[in-house]
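Below, a structure is examined through a series of questions and answers. Please look at the sequence and the coordinates before reading on.

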Amino acid sequence: MNKSARFLSIAAVAAFASFGAMADEADASQFATKFDTNRTRAEVAAEAATVAQTRSIEPAGSRVTTYQSSADRSAVRAQAADAVRTGQIPSGERG
């Protein structure tokens, strides 16, 4: 009885596992997108050429603007020291 129960359980598992294998074709045709278009190949090529000409190779938002300061370094340091002295800028550790 032990052999027949083992055989039946293996057969049941094999039959259950084979149902998933028959779900669809191996080429995943259920995911294929169907396109119905009336544009010609020349129209698509012309559009692609226009996009390539107007495209920028620089990623959006990556341009860094430069700023030319007219302030003197020593004047900026003096203003910072004055701000620390008057308490406008915190300095040191606070705890």
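Q: In which helix do R85 and D82 both lie, and how many residues apart are they?
A: This is a predicted model, in which local features need pLDDT (the predictor's confidence in each residue, from 0 to 100) of at least 70 and side-chain atom pairs count only at pLDDT 80 or more, while totals for chains, interfaces and linings use all residues. Residues are numbered from 1 along each chain as its sequence is written, and side-chain values use heavy atoms, with hydrogens and water left out. The separation of R85 and D82 is about one turn of the helix, for both lie in helix 3 and they are three residues apart.

Q: What meets between the side chains of R85 and D82, and at what N to O distance?
A: Side chains of opposite charge can pair when their charged atoms come close. A salt bridge is defined here as a side-chain nitrogen of Lys or Arg within 4 Å of a carboxyl oxygen of Asp or Glu. The side chains of R85 and D82 meet in such a salt bridge, with an N to O distance of 3.4 Å.

Q: Is R85 buried or exposed?
A: Buried means under 20% relative accessible area, exposed over 50%, and partly exposed in between, with a 1.4 Å probe and protein chains only. D82, with a relative accessible area of 38%, is partly exposed. R85 has a relative accessibility of 63%, and therefore counts as exposed.

Q: Which residue's side chain meets that of R39 in a salt bridge?
A: A search of the whole structure finds two salt bridges. R39 is partly exposed, with a relative accessible area of 42%, and E47 counts as partly exposed at 41% relative accessibility. At 2.3 Å, N to O, the side chain that meets R39 is that of E47.

Q: Why does A83 count as buried?
A: A83 lies in helix 3, residues 73-86, and, not counting residues up to four places away in sequence, A83 touches Q88 and I89 (contact means heavy atoms within 4.5 Å). Buried residues make up 1% of the 95 residues in the protein chain. A83 counts as buried because its relative accessibility is 9%.

Q: Which helix has the highest confidence in the protein chain?
A: The protein chain contains three helices and zero strands, where helices (H or I, at least four residues) and strands (E, at least two) are DSSP runs numbered from the N terminus. The chain averages a pLDDT of 78, and 78% of the residues score at least 70. Confidence is lowest in helix 1 (residues 2-21), at a mean of 73, and highest, at 93, in helix 3.
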